[in-house]
Amino acid sequence: MPTTDRVTAIMKDLVERLPMSVSALARQVGIPQPVLWRILNGRRPASPAKVRVIADALESGGRDATAAAKALRRAIRTRGGAR
């Protein structure tokens, strides 16, 4: 699976398990909700910097989200980043 697809799949899985909505996450991250939806649905690639910001926001979602955010960061590092 290409890096962007893998990172996107991890992000989408994490967001689905969060106790916050996608719009709340978009506000916290500081990007428009439609842009976040496009990223999560694989229609728009996320830069490594944007993925890191999303991972930071995910960490505020509790212990499971923190572990998931670490997995997201690992996916970026091990595959050379999202494009």
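## Terms and overall fold

A residue counts as buried when its relative accessible area is under 20% and as exposed when that area is over 50%, while partly exposed covers the range in between. With these terms in hand, the structure can be described from the whole down to single residues, keeping in mind that it is a predicted model.

The protein is built from five helices and has zero strands, so that its elements, read along the sequence, give the pattern α-α-α-α-α. Of its 83 residues, 40% count as buried. The surface that the protein exposes comes to about 4,800 Å², and carbon and sulfur atoms supply 50% of this area. When contacts between residues at least 6 apart in sequence are considered, 61% of them join residues that are at least 24 apart.

## The salt bridge between two helices

Side chains of opposite charge can pair when their charged atoms come close. A search of the whole structure finds one salt bridge, in which the side chains of Arg 73 and Asp 56 meet at 2.2 Å, taken from N to O. Because Arg 73 belongs to helix α5 and Asp 56 to helix α4, which covers residues 48-58, the pair ties together parts that are 17 residues apart in sequence.

Are the two partners buried or exposed? Arg 73 has a relative accessible area of 19%, and is therefore buried, whereas Asp 56, with a relative accessible area of 45%, is partly exposed.

## A positive patch on the surface

Arg 6, Arg 52, Lys 70, Arg 74 and Arg 77 together form a positive surface patch. Which helix gives the most to this patch? Helix α5, spanning residues 63-79, does so with three residues. Arg 77, one of the residues of the patch, is found in helix α5, and because its relative accessible area is 61%, Arg 77 counts as exposed.

## A buried threonine in the first helix

Thr 8 is found in helix α1, which runs over residues 3-17. With a relative accessible area of 11%, which lies under the 20% cut-off, Thr 8 is buried. If its neighbours within four places in sequence are left aside, Thr 8 is in contact with Ile 39, Leu 40 and Gly 42.

Thr 8 and Arg 77 thus illustrate two opposite settings, since Thr 8 is buried and Arg 77 is exposed.

Notes:
Residues numbered from 1 in each chain as written. Predicted model: local features only at pLDDT ≥ 70, side-chain atom pairs only at ≥ 80, totals over all residues. Heavy atoms only, no water. Patch = residues over 30% accessible without salt bridge, like charges linked within 9 Å, V, L, I, M, F, W, Y side chains within 5 Å. Areas by Shrake-Rupley, 256 points an atom, 1.4 Å probe, with all protein chains shown as cover. Salt bridge = Lys/Arg side-chain N within 4 Å of Asp/Glu carboxyl O. Lys, Arg positive; Asp, Glu negative; His and termini not counted. Charge placed at Lys NZ, Arg CZ, Asp CG, Glu CD. Helix = DSSP H or I, 4+ residues; strand = E, 2+ residues; numbered from the N terminus. Buried < 20%, exposed > 50% of the residue type's maximum accessible area, 1.4 Å probe, protein only. Contact = heavy atoms within 4.5 Å.
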